[in-house]
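This report concerns a single protein chain and treats its core, its sheet and its cysteines in turn. The sequence and the structure are shown first.

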Amino acid sequence: MSNCIEKYLKETKELNKIICNKCGKIILVNQGIAEEDTLSVEKRWNYFSHKDNDVHRFDLCEACYDEWTSAFLIPVEVE
């Protein structure tokens, strides 16, 4: 995992913060609950890509998610 030394407490391996991969904002995690919501993505690429079986992971804060999705040609579906 990327940033595991920064994101996890060494002695318990508990998540203590989430770092937005786009802006670097730190969202603290207390007793397993993030102080703000985030988008966490994990994608294992298949054999028809140029990333054969690579696993990519990233987190976005809500502001970065809003900025990213506002550029979509087809808007995000919201219920």
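Leaving aside neighbours within four places in sequence, with which residues is Cys-61 in contact? In this predicted model, Cys-61 is in contact with Cys-20, Cys-23, Lys-25, Ile-27 and Thr-38.

Cys-61 also belongs to the largest nonpolar core, whose seven residues are Ile-18, Cys-20, Ile-27, Val-29, Leu-60, Cys-61 and Cys-64. Two or more residues of this core come from strand E2 (26–30), and the same holds for strand E5 (55–61). In soluble globular proteins, nonpolar side chains tend to be buried together.

Strand E2 also takes part in an open sheet of three strands, ordered E1-E2-E3 with antiparallel pairing. Strand E1 (17–19) and strand E3 (33–34) are the edge strands; each has a single partner strand, so one side of each has no neighbour in the sheet. Two bridges join E2 and E3 in the antiparallel sense, and Asn-30 lies opposite Ile-33 in E3.

The cysteines form no disulfides: the structure holds zero. Because a disulfide requires cysteine sulfur atoms within 2.5 Å, the distances listed for Cys-23 and Cys-64 do not qualify.

| Cysteine | Nearest cysteine sulfur | Distance |
|---|---|---|
| Cys-23 | Cys-64 | 3.7 Å |
| Cys-64 | Cys-61 | 3.6 Å |

The two residues in the table also have their own accessibility values. Cys-23 has a relative accessibility of 46% and therefore counts as partly exposed, whereas Cys-64 is buried, with a relative accessible area of 5%.

Definitions and conventions
Residues numbered from 1 in each chain as written. Predicted model: local features only at pLDDT ≥ 70, side-chain atom pairs only at ≥ 80, totals over all residues. Heavy atoms only, no water. Core = buried A, V, L, I, M, F, W, Y, C linked by side-chain atoms within 4.5 Å. Buried < 20%, exposed > 50% of the residue type's maximum accessible area, 1.4 Å probe, protein only. Helix = DSSP H or I, 4+ residues; strand = E, 2+ residues; numbered from the N terminus. Contact = heavy atoms within 4.5 Å. Pairing = 2+ DSSP bridges.
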